[in-house]
Amino acid sequence: MQNDKTEPLGDFVVDWDSPRSEDVVLRKTCNSGEELAVTTALLGEETIEDDDRLPREALMKVCIKKPGLSSILQFDCGVFSKGEDGIEFNIRHAHYLPSTSSLGSSLYRGPLFSTLDPQLQDELKQYLVTKGIGKSLTNFLLLHLHKKEQNQYENWLEKLKAYIAQGQETDS
């Protein structure tokens, strides 16, 4: 059942959000016992847009583990701003991983997501929405990541300014 709470995180809890890292990890356990982990980080170079879009998109990995099974369903998604239309996500890859101990590169992870039947693509996205991966969560994640990056940039500028100022005082 989709989470209708007004909180952007719904039932997810922040598992990792260090001010020094670029990523955020959220976790949640469903009433069914399923465990979800969501990992996000900003991607790519910043682009200058003339509209209200955020300048970068985020990579979001969603892993779902069912109780009693060692297999994992992993979705690699993009989270991006659509200007006035808000923030959207799309699935780029869906992987069935037989177990967490068999994550080698030779493992067949499934076909390209874009080659799947469009109805199946829609159903898999709806599956994620029912697990709480919806607009409220993706809006929060993308805005939070951009704010986090801005804070890191400002801290870097302050450190740079302080470093340069130390040398300036004695050279004059």
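**Group meeting talk: strand 4 and its sheet**

Let's start with strand 4. One face of strand 4 is covered: Ala 58, Met 60, Val 62 and Ile 64. The other face is uncovered, with Leu 59, Lys 61, Cys 63 and Lys 65. Keep in mind that this is a predicted model.

What lies across strand 4? Helix 1, residues 118–130, lies across it. Helix 1 also lies across strand 5 and strand 6, and runs at about 105° to strand 6.

Now the neighbours. Strand 4 covers residues 58–65. On one side it pairs with strand 3, residues 35–42. That pairing is antiparallel, over eight bridges. Here Ala 41 has Leu 59 in strand 4 as its bridge partner.

Strand 4 also pairs with strand 5, again antiparallel, over seven bridges. Val 62 stands opposite Phe 75 in strand 5. These two strands form a hairpin, with six residues between them. Look at Gly 68 in the turn: its phi is positive, about 85°.

Follow Phe 75 onward. Its bridge partner in strand 6 is Ala 94. Strand 5, residues 72–81, and strand 6 run antiparallel, joined by ten bridges.

Now step back to the whole sheet. How many strands does it have? Six, in an open sheet with the order 1-2-3-4-5-6 and antiparallel pairing. Which strands stand at the edges? Strand 1, residues 13–16, and strand 6, residues 87–97. Each has a single partner strand, so one side of each is left without a neighbour in the sheet. From one strand to the next, the twist averages 25°.

Terms used:
Residues are numbered from 1 along each chain as its sequence is written. This is a predicted model: local features need pLDDT of at least 70, side-chain atom pairs count only at pLDDT 80 or more; totals for chains, interfaces and linings use all residues. Side-chain values use heavy atoms; hydrogens and water are left out. Two strands pair if DSSP finds at least two bridges between them. Helices (H or I, at least four residues) and strands (E, at least two) are DSSP runs, numbered from the N terminus. Axes are lines fitted to C-alpha atoms, for helices over the stretch in contact, and angles run from 0 to 180 degrees between N-to-C directions. Contact means heavy atoms within 4.5 Å. Buried means under 20% relative accessible area, exposed over 50%, partly exposed in between (1.4 Å probe, protein chains only).
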